[in-house]
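Good morning, and thank you for joining. I should like to take you through some selected features of the entry on the screen.

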Amino acid sequence: MIKAILIFNNHGKPRLSKFYEHYNEDTEQQIIRETFHLVSKRDENVCNFLEGGLLIGGLDYKLIYRHYATLYFVFCVDSSESELGILDLIQVFVETLDKCFENVCELDLIFHVDKVHHILAEMVMGGMVLETNMNEIITQVDAQNKMEKSEAGIAGAPARAVSAVKNMNLPEMPKNINIGDISIK
Amino acid sequence: MPAVSKGDGMRGLAVFISDIRNCKSKEAEVKRINKELANIRSKFKGDKALDGYSKKKYVCKLLFIFLLGHDIDFGHMEAVNLLSSNKYTEKQIGYLFISVLVNSNSDLIRLINNAIKNDLASRNPTFMNLALHCIANVGSREMAEAFASEIPRILVAGDTMDSVKQSAALCLLRLNRTSPDLVPMGEWTARVVHLLNDQHLGVVTAATSLITTLAQKSPDDFKTSVSLAVARLSRIVTSASIDLQDYTYYFVAAPWLSVKLLRLLQCYPPPEDTSLRSRLTECLETILNKAQEPPKSKKVQHSNAKNAVLFEAITLIIHHDSEPNLLVRACNQLGQFLQHRETNLRYLALESMCTLASSEFSHEAVKTHIETVINALKTERDVSVRQRAVDLLYAMCDRSNSKQIVAEMLSYLETADYSIREEIVLKVAILAEKYAVDYTWYVDTILNLIRIAGDYVSEEVWYRVIQIVINRDDVQGYAAKTVFEALQAPACHENLVKVGGYILGEFGNLIAGDPRSSPLVQFNLLHSKFHLCSVPTRALLLSAYIKFINLFPEVKGTIQDVLRSDSQLRNADVELQQRAVEYLRLSCIASTDILATVLEEMPPFPERESSILAKLKKKKGSSKLPDMDDSRKNVNGSSEHAEDAEVASKPPQFLLEELISTDRPHPSSSATMLPTRTMVPSHTFTDNLSVNSAPSSGASLLVDVFSDFSSAAPTEGSDEHFPRFVCKNNGVIYENQLLQIGLKSEYRQNLGRMYVFYGNKTSTKFLSFSTSVSTLQLNVQEKPVDPLIEAGAQVQQILNIECVSDFSDVPVLNIQFRYGGTLQNITVKLPVMLNKFFQPTEMTSQDFFQRWKQLGAPQQEVQKIFKAKNQMDTDVTKAKLLGFGVALLDGVDPNPTNFVGAGIIHTKTTQVGCLLRLEPNTQAQMYRLTLRTSKESVSQRLCELLPPTNAVPPATAAPLAELFTATLIWSWDAISLHRHMTSSKRGAIPALKHSGGRTVVGA
């Protein structure tokens, strides 16, 4: 079972956190910090698995993570999951994000946190892998968008404003992750 | 076209996020967030109704704020409102908020459940999916209660869409994990198994996850899944990759599904059906073969997916552990991976090999990789991988390679990461003991261990080396010589001083012949470390000194001088001071004979499992430790597996106490006994001599040591009195030469009060008198008792007792006091049994039979047959039954010689009605007792209590049962049926229900 899915950037800023087991807010934040601490100090070419931190799970749990440009994707799983399987699930997740956002970058995750959650929900549900087929996932996401479009009459104007804002007043815009041609590790 | 067009977000949200990102400091960020929270709060509270769009926007902002680590304590209601919106996007954001933020907030759960119910019934697959996701993500008990029966129906319904089926399967799995008792197994199980044949591979994947979990709990119900899973797996591995189109991932056919299927098969033994078995073997071989083929893509994703399946197949092969051929192939494959350039594969290969090493077919094959593994330990850059290498070395160790492996681990220890040092120390200690052929090697290894990583050597490790040295006389001389040499180093670890002190104190005489290690040299060496050590170690050294006085009379004067010095006699630490005073006095007044007896060499320790192993298990969790071959023996020659379960559950410290204090044989002439009886020295004295090895646990140990000496015999005495109290409340429960304990007790409903009288039978007063009651299932409140009991006086203590639920363990009263300087420790079982909480109940015979019939389930009735101990006197029996607590009902049983009774057991949580029938058979001098209560545990417990004498063992009871059926001329069931039919139909008279309507009888 997947216990938690965390995305944070190189500075430890959380970009997505999804817990499939209940913790209170403080513990969740602690777990994110601890995980960042464990993962960020590791070299680039060591293995992608490490024994879990103390807060989440304990002995039976492993952190399986991948590092893409500015972001860490970390899955916290128990021994009933295949390590390599989860590693590739992270890849599928990122590729899907890349398709949905066109060259996904950290900013997309910041400004569209709800979308990221929806995409993740198509893949993982209650800690279990729901769907691994990228086409299937994207079909679902497309269907959602269509529905959204048909419902949103008033969303056009804010949309332009958003893109204006996005390109205007962001002093430290991170580099694009550019996952189109992913070089892992 | 991108699936998410970038611009269609919400403007206010984007502006807010940008503001936050522009904040220069944490304070500014908090300020901005608080401003926004205030804004949203006022919007939500405002009179103006918000439209769906605004609600959605604000809820999104709250989500973002939550992600940044701030508490969100409002907005839940608005999110719940969004659930009932007809607009998909609003509904979706509502569900998102709830699955991220809501836990089991009970007020809202009802509203949420309502919305979910509507969506599940909507037949709109998108809405259904949202609802199912929400149930799975929250997974609370309330949700399980509301939907556990609904979801299986959706899952197996013929017209359910594939995507909904997928969600329903995982939703059910989640509920099964969180509240297994609420998910009913039923006719749907068979249909779930058939989902393995579904067209849609997504459905099959989800169903496989579900079945795997269910099969772990009830394997028999899902046995049929094995053949379906093998068939499915076979189709996947033999298919050309294009067949599975969408589910092909980087040229690998459905890797996730294959992994899941292989996991499912690990829930079962190898299939018995030969054709099925050969088909599975074929699949596994194909997977192994594919690993040797050139990769179809250079991408790492391709090799990852392929190897995920391969590792899972290998795990299945290891799990089956039946095909030597496959096992060896698996081992070779893993061997290749050990040298792979991908770190991930090296890591996983080491991990899998660990389990492979425990199979007898492949243990030898694994051993061939020893050089590679040792190399990994030395050169691997990643600590996770090195850790796995240590695990594997431990698992592959046997007599043939133990020296090499232990040496490598020791040398690795010098540079090992701090995080794994303690574990390596334990492993080295265990391997050294387990495979020691000569004990000199063992002693060297452990001393090296202390030298290299003294800080990580736990108590258990050095206790163990001492136990072994004491038990093996062939190694004692060598051990003394080695520790003597090791202590020469200018800086030694304190653990080494402890071992050194103990061993030289016991066996220093074995090396005293050599002038380089003469008694005085030994003593000076030890004493040179004294001032650098902590208190427990110093205490141990003092004990070593007094042993020296016995071993080497020539150094007596020197040692006495040391003991007499102010730094000892007036030490601020009370333990050290006491030892110094007592040892000094002992050395002065005792004759050589007495000294020799008191300070005799330690008797051998009883053979037991190493406490180190228990410690390691506790540290790692036993599942992760590869079990060693049963036939391998440890140093002591005893197989260590017998006690595994028992020992693993105890904390190591306790183990040692037990080992020393309880299980040690107590010969009456033993040194440890002597001081207690003859010289009236203080307790610590005995403690020092017998428990040298555990100074740090002195205080708790003390009591244990003494409870053995002083209370062994009296406890038996109290057991003798105990049964009489089943049917009476007052009397003497305990008596020995010193103390008499009387009881007077009264019970009402679930409460009881017990007056305990302690009588001092001696002509000396008892000091520091204290008591404590230990109980598992009852609430017992003790009133304080006077710490002083004058000679011949009696003091009283009141205990208030509350029965919480039905129980079987009686409370135990522990009494401690000082009598003439000796600490006495007495343990008495208090006669508080379940039947004390009986309230007798009168009822008519009609009611009785009606109840009797209602309690007819087999587990509610308990019966036993026992022999009459005395004359079968009706009045005596009656008195006993009344004392037991039931009301005797006359004229109920057609046979006037039989006894029938009824009563209610009162506990805080429930009340349990109880019916009893006792049939004497005077010819056979036997009784048959039948009890019916609404609660199985209560029936059992009451039956054990009555009679308070010995029952006939079950083996002989069977023929006796015939005796009774033969002599009994009527059947209760027939009579009650008859009465029931002839009685006027007034309905059941709630005779047992008078007590507040909570009675369980007949309910």
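Let me begin with a convention: two strands pair if DSSP finds at least two bridges between them. Strands are DSSP runs of E of at least two residues, helices are runs of H or I of at least four, and both are numbered from the N terminus. What we have here is a predicted model, in which local features need pLDDT of at least 70, side-chain atom pairs count only at pLDDT 80 or more, and totals for chains, interfaces and linings use all residues. Residues are numbered from 1 along each chain as its sequence is written, chains are lettered from A and ligands numbered from 1 in the order in which they are written, and side-chain values use heavy atoms, with hydrogens and water left out.

I start with chain A. Strand β3(A) and strand β4 (residues 62-68) of chain A run antiparallel and are joined by 3 bridges. Within this pair, A:Leu50 stands opposite A:Leu63 of β4(A). Both strands belong to an open, antiparallel sheet of 5 strands, ordered β2-β1-β5-β4-β3. Its edges are β2 (14-19) and β3 (49-51) of chain A; each has a single partner strand, so one side of each lacks a neighbour in the sheet. From one strand to the next, the twist averages 20°.

Chain B offers a second open sheet, of 3 strands in the order β6-β9-β10, again with antiparallel pairing. Here β6 (766-774) and β10 (822-829) are the edge strands, each pairing on one side only. The average twist between successive strands is 15°. β6(B) pairs with β9 (residues 812-819) of chain B over 7 bridges, and B:Ser770 has B:Gln816 in β9(B) as its bridge partner.

How do the helices α23(B) and α25(B) cross? The crossing is left-handed (the near helix is turned anticlockwise from the far one by less than a right angle). The contact, meaning heavy atoms within 4.5 Å, involves B:Val425, B:Leu426, B:Ala429 and B:Glu433 of α23(B), with B:Val461, B:Arg464 and B:Ile468 of α25(B).

Finally, consider B:Thr841, located in the loop between β11 (838-840) and α40 (845-854) of chain B. Is B:Thr841 buried or exposed? With a relative accessible area of 3%, B:Thr841 is buried; the term means under 20%, with exposed over 50% and partly exposed in between, for a 1.4 Å probe and protein chains only. B:Thr841 and B:Val886 lie 45 residues apart in sequence, and their C-alpha atoms are 6.9 Å apart in space.

Notes. Axes are lines fitted to C-alpha atoms, for helices over the stretch in contact, and angles run from 0 to 180 degrees between N-to-C directions.
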